[in-house]
Amino acid sequence: LEATAVIAEALRPWVAADSVWARAVPRHRLGGRLRTSRCGDCFWAERGPSGGRHCRANARLDAVWGPTVADEEAGCDRWEPAADERTCLRCGACCRQGFDVVGVEEGDSAAAKALATPSEHGGWELPRPQGYCVALSSHEAPFPCVIYGDRPRACREFPVGGASCWIARTRVGQSRP
């Protein structure tokens with residue numbers, strides 16, 4: 001099928017509109033089918049150190065950054081909506097099976113400390129029975145935190161849409177690796 005898609009794309013300028021070849025779905029330059037969404041709005045698009053946007057979905061395992069994409073470029077079939085504060089409650093990957101431990105530090109709130117238990121490695125952490133943080137009021141979406149305003153520093157500083165968010169989302173099946 002991949003080879004057929006390449007042939008269809010090469011023939012597109014010369015075939016009749018009613019041809020089977022003309023009906024083939026156009027391909028994204030990085031692979032996969034084109035979508036009406038934009039690369040710049042994709043969860044996988046990440047700003048690199050030079051300011052350019054890179055596609056994590058198409059990064060090789062040995063590469064630090066994926067290939068460069070333009071914000072206005074049409075997205076591919078791996079497109080997912082970008083993560084932001086509004087999507088956190090629906091996802092909750094970082095508060096459920098995405099990670100095993102949330103440390104609670106000396107300067108964290110009394111609410112966080114009240115839920116914390118001693119860590120195997122010293123210090124304190126929020127327990128995660130069955131993978132869900134004890135501060136979650138539900139194990140189904142949305143995933144509201146009962147101490148959100150007083151959550152530990154590790155939670156407050158968690159980079160929404162960053163590499164850790166991507167790891168958590170892929171671990172729970174929210175995003176495709």
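Visitor: Which residue does E157 meet in a salt bridge?
Guide: A salt bridge here is a side-chain nitrogen of Lys or Arg within 4 Å of a carboxyl oxygen of Asp or Glu. This is a predicted model, in which local features need pLDDT of at least 70 and side-chain atom pairs count only at pLDDT 80 or more, while totals for chains, interfaces and linings use all residues. Residues are numbered from 1 along each chain as its sequence is written, and side-chain values use heavy atoms, with hydrogens and water left out. At 3.2 Å from N to O, the side chain that meets E157 is that of R153.

Visitor: Is E157 buried or exposed?
Guide: Buried means under 20% relative accessible area and exposed over 50%, with partly exposed in between (1.4 Å probe, protein chains only). Its partner R153, at 33%, is partly exposed. E157 has a relative accessibility of 53%, so it counts as exposed.

Visitor: Which residues are joined into one network by salt bridges that share partners?
Guide: The whole structure has 10 salt bridges. Those that share partners form one network of R38, D41 and E72.

Visitor: How many residues apart in sequence are the parts that R169 and E80 tie together?
Guide: The side chains of R169 and E80 meet in a salt bridge at 3.0 Å, N to O. Both residues are buried. Helices (H or I, at least four residues) and strands (E, at least two) are DSSP runs, numbered from the N terminus. Because R169 lies in helix α6 and E80 in the loop between β3 and α3, the parts tied together are apart in sequence by 89 residues.

Visitor: Where do R56 and E46 lie, given that their side chains meet in a salt bridge?
Guide: The N to O distance of this pair is 3.7 Å. R56 is buried at 14% relative accessibility, while E46 is partly exposed at 21%. The pair ties together parts 10 residues apart in sequence, because R56 lies in the loop between β2 and β3 and E46 in strand β1.

Visitor: Which strands stand at the edges of the sheet that holds β1, β2 and β3?
Guide: Two strands pair if DSSP finds at least two bridges between them. This open sheet has the order β1-β2-β3 with antiparallel pairing. One side of each edge strand is left without a neighbour in the sheet, because each has a single partner strand; the two are β1 (45-47) and β3 (68-69).

Visitor: Which residue in β3 stands opposite H54?
Guide: Strand β2 (residues 53-55) runs antiparallel to β3, and two bridges join them. Opposite H54 in β3 stands T68.

Visitor: What is the bridge partner of V104 in β6?
Guide: Another open sheet has three strands in the order β4-β6-β5, with antiparallel pairing. Its edge strands, each pairing on one side only, are β4 (102-104) and β5 (117-118). Three bridges join β4 to β6. The partner of V104 is W124.

Visitor: Which residue follows A141 across a cis peptide bond?
Guide: The bond has omega near -5 degrees. The residue sits in the loop between β6 (124-126) and α5 (153-156). Following A141 is P142.

Visitor: What is the phi of Q130?
Guide: Q130 is in the loop between β6 and α5. At 64% relative accessibility, Q130 counts as exposed. Although it is not a glycine, Q130 has a positive phi of about 55 degrees.

Visitor: How much space lies in the largest cavity?
Guide: On a 1 Å grid over the protein atoms alone, a cavity is a set of points where a 1.4 Å probe fits but cannot get out, a pocket is an open set with protein on both sides within 12 Å along at least five of seven lines, and lining residues have an atom within 4 Å of a point. Grid points are joined across faces, edges and corners, and a volume is the space filled by probe spheres set on the points. The structure holds one cavity of 30 Å³ or more. The space in the largest cavity is about 90 Å³.

Visitor: Which element gives the largest share of the lining of the largest pocket?
Guide: The largest pocket holds about 600 Å³, and among its 33 lining residues the closest to its centre are C94, C95, R151, C155 and F158. Elements that give two or more residues are α3 (85-91), α5 and α6 (163-171). The largest share, five residues, comes from α3.
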